[in-house]
Amino acid sequence: MQFRRPDGGLYAEELMGEEGFSSDSSLLYHRYLPTAIVKAEAVEPLLPATTSPNLPLSPRHFRTQDLASAGDLVTGRMLLSANGDVRLSYATSDRPSELYRNSMGDECVYIQSGNVRFESTYGVIEAGEGDYVVIPTGTIHRWVPSGTVNVLAIEASGHIRPPKRYLSQYGQFLEHAPYCERDLRTPQEPFTAEGEEVPVLVRTRGGLTRLVYRNHPFDVVGWDGYLYPYAFHINDFEPIVKKTHAPPPVHQTFEGPGFVVCSFMPRPLDFHPDAVPIPYNHHNVDSDEFMFYVGGDYSARAGSGIDVGSISLHPAGFTHGPQPGAVEAVIEAGATHTSEMAVMVDTFRPLDLGQGALSCEDPGYAWTWAR
C-alpha cells in the first residue's frame with residue numbers, strides 16, 4: 001500500500017516474514033531504501049566458535065564469574081555449549097555493540113545483571129536484570145549498556161516462541177499459562193538515527209559479513225504486524241505448584257527448534273504431608289540440561305560449589321538430582337519455600353562444549369555426587 005512522506009514521496013515498504021511468508025510477519029516503513037548497500041566484507045570471529053564433544057561423558061560446572069570481558073555483547077560472546085539447534089554463550093561488557101543482524105535464527109538474551117538499552121529498527125526497549133529480550137531473525141539492532149552488563153545469549157537455528165500449550169488456537173495466552181500478553185514489553189514508538197555508510201554485522205550460516213548501508217538502518221517511521229522484539233521479566237513468570245513434585249515442563253517459558261527454555265522462580269514447595277520437597281533423582285533420557293543459576297539460595301546443592309553465576313550441564317546418560325544428603329536435610333528442616341532462581345535450557349540433541357565453558361570449568365564437580 002502507498003504510504004507517503006510529507007513531501008509526497010513514498011516511504012519504502014519492507015515485509016519481515018517468517019517461514020517463507022506463511023507465518024508471522026510485520027510491515028516496516030523506511031525513509032530510505034533498506035536494500036541499498038555500498039560495501040560488503042567477510043569478518044573473522046573475535047572469539048573461537050569451535051566445540052568439542054562432552055567426552056568422557058560427565059556432568060559439568062562452569063563458573064561464569066571467572067570469565068572476563070572480551071568485547072561487546074555481540075562480538076564478545078564466549079561460546080559455552082552448542083549443537084545444531086542452539087548456541088549458548090556468555091558475554092560481559094560495558095561498551096555499545098555495533099549494529100548487528102542475526103540471519104540464522106531468533107535470539108533470546110537473558111540479562112543476568114546491569115541495565116541496557118536495546119535499539120532496533122522497531123524501536124527501543126529499556127531492559128535490565130532479570131529480563132529476557134526475544135529478537136526475531138533478521139532484526140537489525142544494537143546493545144547500549146549503562147555500566148557493565150552480563151548476559152546469557154541463546155541463539156536458535158529457527159524461531160523462539162511461547163509454548164503452544166499456553167496459547168489458544170488463535171494465539172491468545174490461555175488462563176492456565178504462567179504469563180500473558182500484559183507481561184510482554186514491546187517498542188512503543190519509532191526510533192530513528194542519521195548516518196551514511198553505516199556498517200552492520202550480519203551472521204549467516206556461511207559465517208560473518210559486514211554490510212555497509214548507504215543510509216542508517218534506523219530510519220523506520222512506523223510498523224505494524226505480529227513479528228517484533230519484546231522483553232519479558234523473569235519475575236512475571238508465575239510458578240505452577242503441586243502437592244508433590246512438579247516436573248520441569250511446568251517451568252517452561254519458551255520453545256525453540258530442538259530445545260526449551262525454563263524459568264525456575266521462588267515458590268512454595270510441595271505440600272503433601274509425605275512429599276519430599278525437592279526433586280527426585282532423575283534421568284531425562286532425551287535431553288541435556290543446561291542450568292544457569294541467577295539468584296537465591298542453592299541449599300539443595302550444598303557442597304557442590306554451585307552459586308549465583310554458575311552453570312551446570314547434566315547430559316543425557318547421567319542421572320542427577322539433589323546433592324547427597326540434601327533430601328534428608330530438607331525434610332528435617334521442614335522447608336516450605338524455595339528462593340532459588342535459574343534459567344534452564346533443555347536440548348534434545350547432545351550439547352558440545354565451547355572454549356568459553358572449558359576455560360572456566362570446575363574440574364572437581366563430577367565427583368561431588370559421590371560424597
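This is a guided tour of one protein model, with a suggestion at each stop of what to select and an account of what is there.

**Before you start**

The model is predicted, and for that reason local features need pLDDT of at least 70 and side-chain atom pairs count only at pLDDT 80 or more, while totals for chains, interfaces and linings use all residues. Residues are numbered from 1 along each chain as its sequence is written, and side-chain values use heavy atoms, with hydrogens and water left out.

**The whole chain**

Begin with everything selected and shown as a cartoon, where you can find two helices and 25 strands; helices (H or I, at least four residues) and strands (E, at least two) are DSSP runs, numbered from the N terminus. The C-alpha atoms fill a box of roughly 75 × 45 × 35 Å, taken along the principal axes. A compact globule of 371 residues would have a radius of gyration near 21 Å, and the protein, with 22 Å, agrees with this; the radius is taken over C-alpha atoms, and the globule rule is 2.2 Å times the number of residues to the power 0.38.

If you switch to a surface, the protein exposes about 17000 Å², of which carbon and sulfur atoms supply 53%; such areas come from the Shrake-Rupley method with a 1.4 Å probe, and for residues only the protein chains shown count as cover. Of the 371 residues, 52% count as buried, where buried means under 20% relative accessible area, exposed means over 50%, and partly exposed lies in between (1.4 Å probe, protein chains only). Contact means heavy atoms within 4.5 Å, and among the contacts with a separation of 6 or more, 74% are between residues 24 or more positions apart.

**Ser 25 and Glu 19**

Select Ser 25, which lies in strand E2 (residues 25-30) and counts as partly exposed at 28% relative accessibility. Then add Tyr 228, which is 203 residues apart from Ser 25 along the chain, although the two C-alpha atoms are separated by 8.5 Å. Not counting residues up to four places away in sequence, Ser 25 touches residues including Leu 15, Met 16, Gly 225 and Tyr 226.

Next, move back to Glu 19, in the loop between strand E1 (12-17) and E2, where you can look at the backbone. Most residues other than glycine have a negative phi, and most peptide bonds are trans. Glu 19, however, has a positive phi of about 50°, and this residue is partly exposed, with a relative accessible area of 45%.

**Two more backbone stops**

Select Leu 55 and Pro 56 together, and look at the peptide bond that joins them, which is cis, with omega near -5°. Pro 56 belongs to the loop between strand E4 (51-52) and strand E5 (60-63). Then go to Glu 197 in strand E14 (residues 196-204), a residue whose phi is also positive, near 50°, and which counts as exposed at 56% relative accessibility.

**Thr 121**

Select Thr 121, in the loop between strand E9 (107-120) and strand E10 (123-128); at 7% relative accessibility, this residue counts as buried. Leaving aside neighbours within four places in sequence, its contacts include Leu 28, Thr 139, Pro 217 and Phe 218.

**Annotated positions**

The last stops come from UniProt, whose positions are given in the numbering used here, with shortened feature names and annotations that may be inferred rather than shown by experiment. An unreviewed UniProt entry places the feature "active site" at His 245, a residue in the loop between strand E17 (230-233) and strand E18 (252-256). His 245 is partly exposed, with a relative accessible area of 21%, and beyond its neighbours within four places in sequence it is in contact with Asp 270, Pro 279 and Tyr 280.

The UniProt annotation "binding site", also from an unreviewed entry, covers Tyr 298 and His 320. Tyr 298 is in the loop between strand E21 (288-295) and E22 and is buried, with a relative accessible area of 7%.

Finish at His 320, in the loop between strand E22 (310-314) and helix H1 (326-333), which counts as buried at 6% relative accessibility. Show the side chains of His 320 and Glu 289, which are joined by a polar contact of 3.1 Å; a polar contact is a pair of N or O atoms within 3.5 Å, and within protein one must be able to donate a hydrogen and the other to accept it, while residues adjacent in sequence count only if both atoms are side-chain atoms.
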